[in-house]
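Colleague: Could you walk me through how to read the pockets, cavities and charged pairs in a model like this one? I'd like the general idea and then the case at hand.

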Amino acid sequence: MTVDFAALATPGVRSLQPYIPGKPIEELERELGISNSLKLASNENPLGSSPLALEAAQRAAAELHLYPDDIGFRLRQRLAAEHGVSADQVLLGAGSSDVISMVVRAFLGPGRNGVFAQHAFAMYPIYTQASGAECRAAVALPADHPDMPYGHDLQSLAAAVDENTRVLFIANPNNPTGTWLNAPELKAFIAALPAEVVVVLDEAYTEYVQQSDFPNGIGWLGEFPNLIVTRTFSKIYGLAGLRVGYGIANPELLAVVSRVRHPFNVGSMGLAAAEAALDDPSFVARSAEVNHLGLRQLESALDQLGLGRIPSVGNFLTLDLGRPATDCYQALLRQGVILRPLANYGMPQHLRVTVGTEEQNARFISALEQVLKAC
Ligand SMILES: *Cc1c(COP(=O)(O)O)cnc(C)c1O
């Protein structure tokens, strides 16, 4: 007897397409029988993690038979001090995706809708649809926009909001485009939204950004009771494998979001490593600097190759091949270089590359030069 489980799933899950992660190195090497491949597909930190974080994780390994501190008391205290908020304004997650998922579980469901931009982070539509709520993708700025091609179009986002909208997602800078919103425009946009709309401001890459007019959403919490800012230890802190992120909001909003938190959602190694990572600002500064130089290196190499790209302030850059990108993606895989295809983001002619070390970037560029001759 066969059971059609998809038909039995909830309406949102029935037609849900799962998240497609970057291709893992082991998988590629197994498939092609190659070694020494380079993964520039998941915006991981090419410098690894802070040694302080690694030591702390190792120390925590001695007590893995114990449940972690459920509320992550120490890490929350530490983050509260870091950001000038109180500990009851900090909610920890198994990655910031977990925090975003909690917001959705608390506020979205059938009869409601979630609003996000076209070409925004893939988890927004996935969580929204799974909840049974309607997904409203606002048209992005056009590909030929002079400043911010493919960027968030705030007017179209505002127009998508109606009385059933409960969550609006904004990634700043956005992944996979790398585009960003400056402080005055974003602040005015949030101020004009109904207070019944919870705004998730996803700042996963904020530590990389050097633009002077780039906002820090945490500074706006006093004015916006409906704002939750999410941050992560997966990107500049180099702890993606441990799954630690957090949300910062006003206590009243956070208390409701916390109702759906899974118990012990951050493991003890993650708690310890994240705390230690905060004690190593020089690792973060070095990561930002390597990224800054790497972005310039990639930009000038792509310009020399005559390839289009979307302006980025993140730790990644999205190339426009001007033709379907699949062949080029596959050819790069055969050279041992893994990028991220973006067809599932509605960008079939683009590939996203994570900024690596100088040497990794050079290897990518020379592989790209090779494959461009053939694809
Ligand atoms: C990587 C990323 C995250 C963070 O994911 P984690 O769950 O914290 O690992 C969140 N938002 C965006 C836009 C990202 O690119």
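**Pockets, cavities and pairs**

Modeller: Let's start with one wall. In the second largest pocket, helix α7 gives the largest share of the lining, 3 residues. Keep in mind that this is a predicted model.

Colleague: Okay, and how much space does the second largest pocket have?

Modeller: The volume comes out at about 320 Å³. The lining is made of 19 residues, and those closest to the centre are A122, P125, I126, N344 and Y345. Two elements, β3 (113-117) and α7 (123-131), each give two or more residues to that lining.

Colleague: What is the chemical make-up of the lining of the second largest pocket?

Modeller: You get 13 nonpolar residues, 6 polar ones and no charged ones.

Colleague: And where does the second largest pocket lie with respect to the domains?

Modeller: Here the idea is to ask which domains supply the lining. Both domain 1 (22-48 + 282-374) and domain 2 (51-277) give residues to the second largest pocket, so it lies between them.

Colleague: Let's do the largest pocket too. What is its volume, and which residues are closest to its centre?

Modeller: The largest pocket holds about 500 Å³ of space. It is lined by 25 residues, with Y19, S97, F121, K235 and R243 closest to the centre.

Colleague: How do the lining residues of the largest pocket divide by class?

Modeller: There are 9 nonpolar, 10 polar and 6 charged residues in that lining. Set beside this, the second largest pocket has no charged residues in its lining.

Colleague: Why does the largest pocket count as lying between the domains?

Modeller: Because domain 1 (22-48 + 282-374) and domain 2 (51-277) both contribute residues to its lining.

Colleague: Now the closed spaces. How many cavities of 30 Å³ or more does the search find?

Modeller: A cavity is a space that the probe fits into but cannot leave. Searching the whole structure at 30 Å³ or more gives 2 cavities. The largest cavity has about 50 Å³ of space, and the second largest has about 40 Å³.

Colleague: Which residues line each of the two?

Modeller: Around the largest cavity you'll find N45, P46, L47, Y208, S287, V290, N291, N315 and V355. By class, that is 5 nonpolar, 4 polar and no charged residues. The second largest cavity is lined by M148, G151, H152, A171, N172, N174, T179, W180 and L181, which come to 4 nonpolar, 5 polar and no charged residues.

Colleague: On to the charges. How many salt bridges are there in the whole structure?

Modeller: The search turns up 13. A good way to read one is to take the N to O distance and then look at how exposed each partner is. Take E275 and R74: their closest N and O atoms are 2.8 Å apart. E275 sits in helix α11 (residues 268-278) and R74 in helix α5 (residues 73-83), so this pair ties together parts that are 201 residues apart in sequence.

Colleague: Are E275 and R74 buried or exposed?

Modeller: One of each. E275 is buried because its relative accessible area, 18%, falls under the 20% cut-off, while R74 counts as exposed at 57%.

Colleague: What about R136 and D162? Where do they sit?

Modeller: Their side chains meet in a salt bridge at 3.1 Å, N to O. R136 is in strand β4 (residues 134-138) and D162 in the loop between α8 (154-160) and β5 (165-171), so to speak of the pair is to speak of distant parts of the chain, 26 residues apart. R136 is partly exposed at 21% relative accessible area, and D162 is partly exposed at 23%.

Colleague: Which residues are joined into one network by salt bridges that share partners?

Modeller: K23, E27 and E31. Within that group, the E31 and K23 side chains meet at 3.2 Å, N to O. E31 counts as exposed at 51% relative accessibility, whereas K23 is buried at 15%.

Colleague: Last one: how many disulfides does the structure hold?

Modeller: In general, a disulfide is a covalent bond between the sulfur atoms of two cysteines. This structure holds 0 of them. As for cysteines, C135 is partly exposed, with 30% relative accessible area, and C328 is buried, with 2%.

Methods
Residues are numbered from 1 along each chain as its sequence is written. This is a predicted model: local features need pLDDT of at least 70, side-chain atom pairs count only at pLDDT 80 or more; totals for chains, interfaces and linings use all residues. Side-chain values use heavy atoms; hydrogens and water are left out. A salt bridge is a side-chain nitrogen of Lys or Arg within 4 Å of a carboxyl oxygen of Asp or Glu. Buried means under 20% relative accessible area, exposed over 50%, partly exposed in between (1.4 Å probe, protein chains only). Helices (H or I, at least four residues) and strands (E, at least two) are DSSP runs, numbered from the N terminus. On a 1 Å grid over the protein atoms alone, a cavity is a set of points where a 1.4 Å probe fits but cannot get out, and a pocket is an open set with protein on both sides within 12 Å along at least five of seven lines; lining residues have an atom within 4 Å of a point. Grid points are joined across faces, edges and corners, and a volume is the space filled by probe spheres set on the points. Ala, Val, Leu, Ile, Met, Phe, Trp, Tyr, Cys and Pro count as nonpolar, Asp, Glu, Lys and Arg as charged, and the others, Gly among them, as polar. Domain bounds come from an automatic or database domain assignment. A disulfide is a pair of cysteine sulfur atoms within 2.5 Å.
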